[in-house]
Amino acid sequence: MTTAATTNDPLLPSETREFLDAVHAFCEARLRPHYQEHDRTGTLRPEVLAAVAEMGLLGLRAPVEYGGQGADAVTTGLVCEAVGRADFNLGYLLNNSALVTDVLVRSCDERQRREFVPPIAGGEVIPALLLTEPEHGSDAAAIEVAAVADGSDWVITGEKTSITFGMQARSGLVFARTSPDGAKGITAFYADLTADGVTRAPFADLGGRAIGRASVHFDHVRIGGDRVIGAVDAGFTQVMQGFEFARALIGLICLGAASASIDEAMQQARDRVAFGRPIGCNQGVAFPLVEHATHIMAARLLCLRALELKDRGLPHAVESNMAKWWAPQLSVAAAHEALLLCGHAGYSEDLPLGQRLRDIIGLELGDGTAQITKTVVARHLLGRDYAP
Ligand SMILES: Cc1cc2nc3c(=O)[nH]c(=O)nc-3n(C[C@H](O)[C@H](O)[C@H](O)COP(=O)(O)OP(=O)(O)OC[C@H]3O[C@@H](n4cnc5c(N)ncnc54)[C@H](O)[C@@H]3O)c2cc1C
């Protein structure tokens, strides 16, 4: 038995289990072998991206009529977990595709959906989500990048920063200020990031080296009015609704990496002999593994609850924000413990544990920090007047 219950979860419908078995087999055979190589080269192999697209994993949230799978949120989360287990950084690709697709499907008109969604589902376009700015990360309602109306067009100027796939993305949801009114003055645009006036500058990062995190500069970039997504000044609600979904997916991506790490440490606990017996025979080795496996399973249920609520059209902000602060944190702890239990080999690049640790930390920050997601939960639980 592994900690990845998805490979054999008896509570899932048999159709979902068959699909997930195929996804896990694909991830193990096609993705996991390149995880460390992607870190070394700082890029994702084109043939791996093509295989992920061909498997249909970038169109999970796109309705069938737009070239996607029409999968529910729970299935999307379980696939994210499987991918996070094999190559954590490809999890960003699934998350971005699902998040951007969800916003587009919910807010676009029919013509826009037909134009924007199929290229994401087919893997021809890696989409970015551009919200953070050099002076405004957690305080996203304060963003300053401006979109100014010019006839039927808009002209965007300013810098977005810390953008996942900022170096690779050909299109992106850009959130820009269209009126001075805080959260009520932000509009979403689906921008062509290959347009004149867009330039990019990469970060040199601790982890997530293959995702091309970058700053993206807009120097008077002209965007047609047909690329406004939803109503003008309604963008903030769109991105926050998107985060409620993505925060549960991110939880599962992290838990996938955590369960892979704990499974590797369990194998070590069986194989490694010290003082004449497998190290797992020591409670000091076995019990931490059990504790991490327990945390992983509990956090996984929390993520799946958030996604099931989403599937039923019910509020899920509390559950997804709980998942977002807890799952990455416990996954970092699990990868750290697994590294230590693998001894000196765990510390080397022969094993992927050190890389997982570096990689998971990125998603403690990305898409909202622990303090910010706890603040959201506190507002729901305590009431706005009694919370940070
Ligand atoms: C790997 C990675 C990928 C990312 N991908 C994207 C992306 O694709 N698109 C995008 O738009 N952004 C992306 N980000 C940016 C990310 O969303 C921000 O880093 C995050 O929201 C925090 O913003 P900040 O870095 O500006 O930190 P700040 O907002 O400056 O916060 C600094 C610290 O202060 C704390 N803090 C701030 N305000 C409060 C408060 N009121 N109460 C308590 N603590 C507080 C924060 O929790 C944090 O620990 C990514 C970041 C990383 C690391």
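Which residues does Tyr190 touch, not counting residues up to four places away in sequence? In this predicted model, Tyr190 is found in strand S5, which covers residues 186-192. Its contacts in H5 and beyond are best given as a list: Tyr190 touches Val100, Leu104, Phe116, Ile120, Val125, Pro127, Ser171, Gly172, Leu173, Arg227 and Ile229. The relative accessible area of Tyr190 is 2%, under the 20% limit, and Tyr190 is therefore buried. One of the contacted residues, Phe116, lies 74 residues from Tyr190 in sequence, yet the C-alpha atoms of the two are 8.3 Å apart in space.The strands of the model were examined next. Strand S2 (residues 146-150) is joined to S3 by five bridges, and the two strands run antiparallel. Within this pairing, Ala149 stands opposite Trp154 of S3. Two residues lie between the strands of the S2-S3 hairpin, where Gly151 takes a positive phi near 65 degrees. S3 also pairs with strand S7 (residues 214-224), again in an antiparallel arrangement, through eight bridges. Here the bridge partner of Asp153 is Gly224 in S7. S7 is in turn joined to strand S6 (residues 198-202) by five bridges, and these strands run antiparallel. Arg200 stands opposite Val216 of S7. In a regular strand, side chains alternate between the two faces of the sheet.

The loop between strand S1 (127-130) and S2 contains Ala141. Leaving out residues up to four places away in sequence, Ala141 touches Arg177, Gly182, Ala183, Ile186 and Phe236. The C-alpha atoms of Ala141 and Asp181 are separated by 9.3 Å, while the two residues are 40 apart along the chain.

Backbone angles in two further loops are also of note. Most residues other than glycine have a negative phi. Phe165, in the loop between strand S3 (153-163) and strand S4 (171-177), has instead a positive phi, near 60 degrees. Phe165 counts as buried because its relative accessibility is 0%. Asp367, likewise not a glycine, has a positive phi of about 75 degrees. Asp367 lies in the loop between H11 and helix H12 (370-382). With a relative accessible area of 18%, Asp367 is buried, since the limit for that class is under 20%.

Helix packing was described by the angle between the axes and the distance between them. Helix H5 (residues 88-107) packs against helix H11 (residues 353-365) at an angle of about 25 degrees, and the axes are 9 Å apart. H5 is therefore roughly parallel to H11, as angles under 35 degrees count as such. On the H5 side, the contact is made by Phe88, Asn89 and Tyr92, which meet Gln355, Asp359, Ile360, Gly362 and Leu363 in H11. By class, the residues of this contact comprise four nonpolar, three polar and one charged.

H5 also packs against helix H7 (residues 235-271), with an angle of about 155 degrees and axes 9 Å apart. Because angles over 145 degrees count as roughly antiparallel, H5 and H7 are placed in that class. Their crossing is right-handed. The H5 residues in this contact are Phe88, Gly91, Asn95, Ala98, Leu99, Asp102, Val103, Arg106 and Ser107. In H7, the residues that they meet are Gln238, Gln241, Gly242, Phe243, Phe245, Ala246, Leu249, Ile250, Ile253, Cys254 and Ala257. The contact of H5 with H7 divides into 12 nonpolar, six polar and two charged residues. Phe88 takes part in the contact with H11 and in the contact with H7.

H7 packs in addition against helix H9 (residues 317-341), at an angle of about 20 degrees and with the axes 8 Å apart. H7 and H9 are therefore roughly parallel to each other. H7 passes H9 in a left-handed crossing. The residues of the contact of H7 with H9 divide into 16 nonpolar, six polar and three charged.

Key
Residues numbered from 1 in each chain as written. Predicted model: local features only at pLDDT ≥ 70, side-chain atom pairs only at ≥ 80, totals over all residues. Heavy atoms only, no water. Axes fitted to C-alpha atoms, helices over the stretch in contact; angles between N-to-C directions. Helix = DSSP H or I, 4+ residues; strand = E, 2+ residues; numbered from the N terminus. Parallel < 35°, antiparallel > 145°, perpendicular 65-115°, else oblique. Contact = heavy atoms within 4.5 Å. Nonpolar A, V, L, I, M, F, W, Y, C, P; charged D, E, K, R; others polar. Buried < 20%, exposed > 50% of the residue type's maximum accessible area, 1.4 Å probe, protein only. Left-handed = near helix turned anticlockwise from the far one by under 90°. Pairing = 2+ DSSP bridges.
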